[in-house]
Amino acid sequence: MILAAQSPGFLSPSGVEIAFLLVGLVTLGAAVVTVTTRQLVHAALWLVVTLGGLAVAYLLLTAEFIAWVQVLIYVGSVVVLLLFGLMLTKAPIGRSPDADSGNRPVALVVALAAAAALVWVVVDAFRTTWIDLDGPAQGSTKASGEILFRYWVLPFEALSVLLLAALVGAIVLSRKNTGEKEGPR
Amino acid sequence: MNDALDVALRLLVVFAVFLVLPLVVGQTEHKVMAHMQGRLGPMYAGGFHGWAQLVADGVKFAQKEDVVPANADRRVFQLAPAVALLPYLLVLVAIPIGPSEGAVGQVVDAGIFFVLAVMGVGVLGSLMAGWASANKFSLLGGLRTAAQLLAYELPMLLAAASVAMAAGTVSLPGILNAFEWWWLPWQIVGALVFFVAGLAELQRPPFDMPVADSEIIFGAYTEYTGLRFALFLLAEYAGIVVLCGLTTVLFLGGWHGPFGADGLGWVWTLLKTAVLAFLVIWLRVSYPRLREDQLQKLAWTTLVPLALAQIALTGIVKVAIQ
């Protein structure tokens with residue numbers, strides 16, 4: 001705490017720091033609305049605001065590449081997939097009272113545990129690191145690429161294998177269903 | 001003070017381009033389609049060959065009543081046109097038109113990712129419109145839009161990645177600086193994939209299944225009237241400008257030309273963009289609409305393998321010439 005209050009400090013925040021805080025508040029607010037709203041499609045649209053807010057936060061931390069990839073993958077693809085699913089099930093306009101599964105307390109516990117773990121890990125990892133906004137961008141595409149493929153290749157490849165396994169698993173699951181249908185004929 | 005003025009001027013120019021070029025493409029479409037079909041097209045508005053037809057259309061749209069269906073989700077319904085239109089304005093900021101430093105609205109470090117990411121957001125507008133209209137035709141249109149986007153986003157990204165590999169950078173001005181004339185035959189497959197996937201993302205014929213008028217009236221935009229409908233139309237034409245500009249910058253060398261690249265670079269960019277826009281219109285007049293299963297088949301069994309082959313070729317050539 002005392003360390004963090006030194007040199008750049010909390011007490012004389014710069015414009016970027018204030019903007020970061022405000023964007024963070026908007027993101028948090030949108031996230032809370034996402035999980036509390038009773039209208040299914042509105043939840044998906046608030047998720048867009050949440051993910052967009054995260055992208056802006058990345059931008060303010062000079063991680064431009066990560067920010068645009070965040071928009072491309074999450075807003076452009078994942079949310080579109082979500083909306084596609086909601087449209088397939090004809091999500092009604094207005095409230096859907098049956099959308100609550102009754103697992104609210106368990107979900108709250110899991111969410112709080114995940115949040116606590118993440119906050120602890122991030123705080124422990126970065127402590128009092130400050131990003132120098134005036135120097136060369138530390139999160140540029142070049143820097144991110146070099147760090148990713150020079151020092152973090154193994155986790156990167158492990159993740160890609162994990163995704164491949166998920167992909168193969170999805171194909172196997174969908175194949176199995178059609179096979180069972182065809183079996184009795 | 002000077003910097004602020006500079007930024008304001010640039011944004012103003014980009015905004016003017018954003019308002020003018022889509023209208024030019026729209027008017028060209030009226031006339032080109034008409035002549036290809038053996039008729040004259042608009043001839044009266046404005047006097048000379050109906051040049052003011054789209055201005056008259058705009059006035060007509062502005063006068064119409066803005067109707068929101070009784071069962072619609074009001075706020076989402078009203079927000080959708082803005083979500084569909086604004087991303088194209090943002091993308092236009094990052095497209096370089098000439099060789100000098102000042103010939104781009106704003107240099108974006110991860111330019112390719114920026115333009116593709118923001119263009120993808122525009123489709124959310126159609127999905128919101130499709131769901132919020134409380135109309136089964138709109139819902140079907142929205143569904144088809146989403147299915148089409150999911151299929152064509154991947155080949156588009158892969159084709160763009162091939163150019164980024166060739167240039168060794170993801171910034172749009174950087175790609176143009178690295179461009180050589182022989183990239184044209186080298187990246188031609190990628191260019192075709194990118195352009196076709198872009199057409200599909202814009203829902204232009206022959207990929208206009210989401211708005212197929214003979215089946216689902218006008219898809220996600222069925223319930224819209226007046227200015228909001230005009231905004232959706234404007235988004236489509238702004239999309240054409242953006243797609244043609246991007247294809248020019250990524251695959252056709254942008255401001256590079258056989259001669260006069262220093263002073264007249266921007267003319268080359270505009271010329272190439274205009275030729276591509278003409279091609280888009282030509283395709284609309286000459287090709288029948290693809291069925292939904294044909295659409296998906298084209299994306300997954302033709303465009304994705306072609307894009308992957310292009311990436312492999314790019315990699316091999318890149319290693320060979322080093």
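Here is a short walk through the two chains of this predicted model, beginning with chain B and ending with chain A.

Let us start with the overall make-up of chain B. Chain B contains twelve helices and zero strands, and reading along its sequence gives the pattern α-α-α-α-α-α-α-α-α-α-α-α. For its 322 residues, a compact globule would be expected to show a radius of gyration near 20 Å, and chain B agrees with that, having 20 Å. If you draw a box along the principal axes, the C-alpha atoms of chain B fill roughly 65 × 50 × 45 Å. Buried residues account for 50% of the 322 residues in chain B. Its contacts reach across the sequence, too: among those between residues at least 6 apart, 78% join residues at least 24 apart.

Next, it helps to lay the annotation over the model. According to UniProt, in an unreviewed entry, chain B carries the feature "transmembrane region" at several stretches, including residues 7-26, 79-98, 110-133, 154-176 and 182-200. Two of these can be compared with the coordinates. Across residues 154-176 of chain B, the chain is 83% helix and 0% strand, with the end C-alpha atoms 23 Å apart. Across residues 182-200 of chain B, the figures are 89% helix and 0% strand, and here the end C-alpha atoms are 28 Å apart.

Now to a pair of helices inside chain B. Two packed helices are described by the angle between their axes and the distance between the axes. For helix H8 (residues 188-202) and helix H12 (residues 292-320) of chain B, the axes come within 9 Å and cross at roughly 145°. The crossing of H8(B) past H12(B) is left-handed. On the H8(B) side, the contact is made by Val189(B), Gly190(B), Val193(B), Val196(B) and Ala197(B), while H12(B) brings Leu303(B), Leu306(B), Ala307(B), Ala309(B) and Gln310(B). By character, the residues of this contact between H8(B) and H12(B) divide into eight nonpolar, two polar and no charged.

For a single residue to look at, try Trp266(B), which sits in helix H11 (residues 261-286) of chain B. Is Trp266(B) buried, exposed or partly exposed? A residue counts as buried only if 20 or more other C-beta atoms lie within 10 Å of its own, and as exposed if there are 12 or fewer. Trp266(B) has 16 other C-beta atoms within 10 Å, so it is partly exposed. From Trp266(B) to Gln106(B) the sequence separation is 160 residues, and their C-alpha atoms are 16 Å apart in space.

We can now turn to where the two chains meet. At this interface, 26 residues of chain B are in contact with 21 residues of chain A. On the side of chain B that touches chain A, helix H4 (111-132) and helix H5 (136-167) of chain B each supply at least two residues. Which helix gives the most to that side? It is H4(B), with eleven residues. The residues on the side of chain B that touches chain A divide into 20 nonpolar, three polar and three charged.

Finally, chain A itself. Chain A has seven helices and zero strands, running α-α-α-α-α-α-α from the N terminus on. Of its 185 residues, 16% count as buried. Among the contacts in chain A with a separation of 6 or more, 66% involve residues 24 or more positions apart.

Definitions and conventions
Residues are numbered from 1 along each chain as its sequence is written. Chains are lettered from A and ligands numbered from 1 in the order in which they are written. This is a predicted model: local features need pLDDT of at least 70, side-chain atom pairs count only at pLDDT 80 or more; totals for chains, interfaces and linings use all residues. Helices (H or I, at least four residues) and strands (E, at least two) are DSSP runs, numbered from the N terminus. The radius of gyration is taken over C-alpha atoms; the globule rule is 2.2 Å times the number of residues to the power 0.38. Two residues are in contact if their C-beta atoms, placed from the backbone, lie within 7 Å. Ala, Val, Leu, Ile, Met, Phe, Trp, Tyr, Cys and Pro count as nonpolar, Asp, Glu, Lys and Arg as charged, and the others, Gly among them, as polar. UniProt positions are given in the numbering used here, feature names are shortened, and annotations may be inferred rather than shown by experiment. Axes are lines fitted to C-alpha atoms, for helices over the stretch in contact, and angles run from 0 to 180 degrees between N-to-C directions. A crossing is left-handed if the near helix is turned anticlockwise from the far one by less than a right angle, and right-handed if clockwise.
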